[in-house]
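Me: I have a structure to go through with you. Please take my questions one at a time.

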Amino acid sequence: CLWVNTIAITPDGKRFVSGAGDSKIHFWDLETRQAVREPFACHNQSCVNALNYSRDGTLLASGGGDRLINIWNVATMTQVGKTFEGHSETIKAVVFSLDAEKLVSGSNDNSVRIWNVKTSEQIHLIDWHTYWINCISLAPDGKRFVTAVGDTLVRIWDLETGQGVGEILQGHSSWVRNAVYTPDGKFIISASDDSTLRLWDSQAS
């Protein structure tokens with residue numbers, strides 16, 4: 001399946017999906033490590049770069065090298081609603097809100113966008129960053145999310161307003177590849193091409 005770009009685990013922890021350079025979503029059983037259905041072709045023969053399940057596991061969001069985002073019914077793998085259009089470069093991250101009413105996306109066009117899942121319409125455009133968005137992670141309480149970016153910065157955002165929250169998290173000297181909240185939401189851990197991991201107070205203001 002060529003290179004593998006992204007993985008998402010089902011909320012029940014029994015299965016996972018992978019997105020690859022063959023423009024397909026692959027479905028796997030976590031215990032047997034075997035494929036559980038045929039690979040699903042999507043994104044116009046471009047790479048599948050981002051995948052995320054809704055909290056109840058019924059929806060799967062995918063983002064690709066075709067600059068588009070789709071929502072799929074997991075049971076039938078039929079598209080739900082319209083394709084999300086707006087990004088001008090490849091999609092690198094997609095994350096559902098806890099209630100699956102919103103979707104946050106990040107792209108190589110340096111922007112983060114917040115979408116209405118039911119209407120496929122853009123709610124907020126965040127164009128603050130100056131380089132590729134590598135990762136988006138939702139806080140455990142679902143109120144905020146964090147971005148990890150090629151501009152060496154980590155930033156916390158309010159999901160409802162699309163506004164930055166607290167201090168800009170500065171310290172890395174190279175691309176930030178990943179950033180995640182701890183389960184209690186008190187801290188953020190980031191990973192960078194500068195060969196360091198950093199622990200941040202997510203409540204700092």
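Reply: One term comes before the rest: strands are DSSP runs of E, at least two residues long, numbered from the N terminus. Keep in mind that this is a predicted model.

Me: Which strand holds Leu199?

Reply: Strands are numbered from the N terminus. By that numbering, Leu199 lies in strand β19.

Me: Is Leu199 buried or exposed?

Reply: Exposed means over 50% relative accessible area. Leu199 has 57%, so this residue counts as exposed.

Me: Which elements give two or more residues to the nonpolar patch?

Reply: The patch lies on the surface and joins Val180, Phe187, Ile189, Leu197 and Leu199. Together they have about 460 Å² of accessible area. The elements giving two or more residues are β18 (187-192) and β19 (197-201).

Me: Is Val4 buried, partly exposed or exposed?

Reply: Val4 sits in strand β1, residues 4-9. Buried needs under 20%, exposed over 50%. Val4 has a relative accessible area of 47%, so this residue is partly exposed.

Me: How far apart in space are Val4 and His26, C-alpha to C-alpha?

Reply: Val4 touches Ser18, Gly19 and Ala20, leaving aside residues up to four places away in sequence. His26 is 22 residues from Val4 in sequence. In space, their C-alpha atoms are apart by 9.9 Å.

Me: Which strands stand at the edges of the open sheet β9-β10-β11-β12?

Reply: The sheet has 4 strands in that order, with antiparallel pairing. An edge strand here has a single partner, so one side is left without a neighbour in the sheet. The edge strands are β9 (91-96) and β12 (121-126).

Me: Which residue of β12 is the bridge partner of Val112?

Reply: Strand β11, residues 112-116, pairs with β12 in the antiparallel sense over 5 bridges. In β12, the bridge partner of Val112 is Ile126.

Key. Residues numbered from 1 in each chain as written. Predicted model: local features only at pLDDT ≥ 70, side-chain atom pairs only at ≥ 80, totals over all residues. Heavy atoms only, no water. Patch = residues over 30% accessible without salt bridge, like charges linked within 9 Å, V, L, I, M, F, W, Y side chains within 5 Å. Areas by Shrake-Rupley, 256 points an atom, 1.4 Å probe, with all protein chains shown as cover. Salt bridge = Lys/Arg side-chain N within 4 Å of Asp/Glu carboxyl O. Buried < 20%, exposed > 50% of the residue type's maximum accessible area, 1.4 Å probe, protein only. Contact = heavy atoms within 4.5 Å. Pairing = 2+ DSSP bridges.
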